[in-house]
Amino acid sequence: MDTTPAFLGLDCIDCGERFDPDHHRCPACGGILDPAYDYDEIDLTRENIETRPFETMWRYEELLPFTRESAITMDEGATPLVECEKLADEIGVGRVLIKDEGRNPTGSFKDRGQTVAMTAAAQHDASDIALASAGNAGQAAAAYAGRADIDSHVFLPSRAGFTNKAMVNVHGGDMTVVGGRIGDAGAAYGDAMDEEGEDEGWYSVQTFVTPYRHEGKKTMAYEIIEQLEWDVPDAIVYPTGGGVGLVGMHKAAKEFEKLGLTEELPAMYAAQSTGCAPVVDAFEKGVDRHEPVTHPDTICGGIEIPDPGASPWILECLRESEGGAVATPDEEILESAIAVAKGEGLEMGATCAAAASGAWKLADEGEFDSDATIVLMNTATSNKDSDVLRSHLMGKGI
Ligand SMILES: *Cc1c(COP(=O)(O)O)cnc(C)c1O
Ligand SMILES: [Zn+2]
């Protein structure tokens with residue numbers, strides 16, 4: 001495999017054993033594997049990073065497992081961090097900035113995870129990849145698989161958005177639409193992996209089955225810190241489903257600290273919908289693991305994850321960073337998306353607006369200082385679910 005010099009292999013977050021880069025889950029205990037590096041081997045300074053053009057997340061190559069040369073990439077990442085002054089005034093903090101991940105090749109931050117996961121698949125000489133997804137990850141996987149000449153098998157729930165389904169087809173993916181929700185799509189994916197997948201050597205790019213999606217998404221934190229001229233934001237509010245990006249960004253912030261590039265960590269906040277808030281419930285109860293939600297019901301498909309397997313890790317990140325968790329109802333989430341679009345021009349997806357409405361609620365509860373700098377993650381463009389936002393207006397007679 002074409003790995004970077006400091007990359008040591010994959011560490012199990014449960015038993016601590018280290019494995020070769022071609023593994024998925026821990027062969028010893030089934031735990032999640034996390035790429036490990038020898039940070040003493042990494043010689044990065046602020047000046048050195050700043051000289052690199054801000055045009056792809058692969059500019060942080062030393063902190064990624066695979067070389068930029070070997071990457072299956074469409075120059076994803078390097079997204080703008082947009083100042084939102086009106087929002088800052090309304091929320092009552094010093095600065096609010098929106099990290100606009102809608103400007104990725106397939107319109108969501110899932111591209112960051114898929115570029116690294118698909119590079120691993122290509123290095124592994126995989127002929128096929130497979131995953132279940134609420135929608136955006138499936139669309140991104142089909143796109144990157146096409147680019148890598150790998151066949152993709154994408155399992156989506158029937159409630160996935162039209163754009164996601166259409167684009168899986170357009171990218172040439174093999175799509176299975178499963179009646180029901182993400183758990184049903186996950187079960188169909190699991191069955192297929194055990195049958196065709198076993199025979200045909202499908203390589204999984206599923207959330208936290210591949211060790212490489214959180215590794216790609218972590219680059220969002222590097223960029224935010226650099227875009228703020230190395231001033232670590234006080235809080236990052238993240239619309240949380242499986243928590244891939246949240247644990248990734250917390251890891252990245254710790255890496256910058258270890259390398260001496262920064263001196264503190266941003267407080268990480270998980271934002272969910274009250275219709276499906278297992279992480280928020282567990283955080284508030286002070287427990288180390290979530291209880292699965294039996295009847296999830298939210299319009300925010302990207303974060304309708306009733307049984308997030310990585311919840312112990314997510315909760316640890318929230319507590320270690322002295323952040324928190326917040327849930328708001330769909331009604332408020334949609335209102336927030338509309339308020340941001342109206343007042344700031346930025347098009348937040350319905351799911352993503354959980355970060356905006358969560359930040360509003362946290363601010364009302366006095367969580368932020370009046371001079372705080374808050375970053376909201378706009379994880380996908382609202383082009384993907386503009387119908388949802390429009391019909392919310394119709395519901396109000398507009
Ligand atoms: C997948 C997704 C999320 C949740 O991401 P995780 O890292 O799995 O928590 C949030 N927003 C959108 C738009 C998504 O597609
Ligand atoms: Zn293990």
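Donors of a metal site are taken here as N, O and S atoms within 2.8 Å of the metal (3.2 Å for Na, K and Ca); water is not among the atoms, so sites may look incomplete. The model is predicted, local features need pLDDT of at least 70 and side-chain atom pairs count only at pLDDT 80 or more, whereas totals for chains, interfaces and linings use all residues. Residues are numbered from 1 along each chain as its sequence is written, chains are lettered from A and ligands numbered from 1 in the order in which they are written, and side-chain values use heavy atoms, with hydrogens and water left out.

The donors of the zinc ion (ligand 2) are spaced along the chain as C-x2-C-x10-C-x2-C. Two of these residues come from distant parts of the chain: C15 belongs to the loop between β1 (7–12) and β2 (18–19), and C26, eleven residues apart from it, to the loop between β2 and β3 (33–37). Helices (H or I, at least four residues) and strands (E, at least two) are DSSP runs, numbered from the N terminus. Coordination of the zinc ion (ligand 2) is through the SG atoms of C12, C15, C26 and C29, at 2.2 to 2.3 Å. The angles among the four donor atoms are 100 to 118 degrees, and the site is tetrahedral. Four donors count as tetrahedral if all angles lie between 85 and 135 degrees; four count as square planar and six as octahedral if opposite donors are over 155 degrees apart and all others between 65 and 115, and anything else is irregular. Ideal angles at a metal are 109.5 degrees for four tetrahedral donors. C15 is partly exposed, at a relative accessible area of 38%, while C26 is buried, at 4%. Buried means under 20% relative accessible area, exposed over 50%, and partly exposed in between (1.4 Å probe, protein chains only).

M1 lies in the segment before β1 and is partly exposed, with 45% relative accessibility. The C-alpha atoms of M1 and S70 are 9.4 Å apart in space, although the two residues are 69 apart in sequence. Not counting residues up to four places away in sequence, M1 is in contact (heavy atoms within 4.5 Å) with P21, D22, F66, A120 and Q123.

T115 is located in helix α3 (residues 110–123) and is buried, with a relative accessible area of 0%. The T115 side chain forms a polar contact of 3.1 Å with the side chain of W58, and a polar atom of the T115 side chain lies 2.7 Å from the backbone oxygen of I72. A polar contact is a pair of N or O atoms within 3.5 Å; within protein, one must be able to donate a hydrogen and the other to accept it, and residues adjacent in sequence count only if both atoms are side-chain atoms. Beyond the neighbours within four places in sequence, the residues in contact with T115 are M57, W58, I72, T73, E76 and Y144.

Four strands form an open sheet in the order β8-β7-β6-β9, with parallel pairing. Its edge strands, β8 (174–178) and β9 (203–204), each pair on one side only. Two strands pair if DSSP finds at least two bridges between them. Strands β6 (residues 128–132) and β7 (residues 151–157) run parallel and are joined by five bridges, with I129 opposite S152 in β7. Helix α4 (residues 136–147) lies across β6 and β7 and runs at about 170 degrees to β6. Axes are lines fitted to C-alpha atoms, for helices over the stretch in contact, and angles run from 0 to 180 degrees between N-to-C directions.

A second parallel pair consists of β11 and β12, joined by five bridges; A271 stands opposite V326 in β12. Strand β12 is largely enclosed by the rest of the structure, because five of its five residues are buried. G324, V326 and T328 point one way from β12, and A325 and A327 the other way. In helix α10 (residues 278–285), the buried residues are P278, V279, V280 and A282; their cover includes β11 (267–273), α11 (311–320) and β12 (324–328). G286, just after α10, has a positive phi of about 75 degrees.

Positive phi values also occur in residues other than glycine. A78 has a phi near 55 degrees, lies in the loop between α1 (46–50) and β4 (81–83), and is buried, with a relative accessible area of 17%. E229 has a positive phi of about 55 degrees and is placed in the loop between α8 (219–227) and β10 (235–239); E229 is exposed, at 67% relative accessibility.
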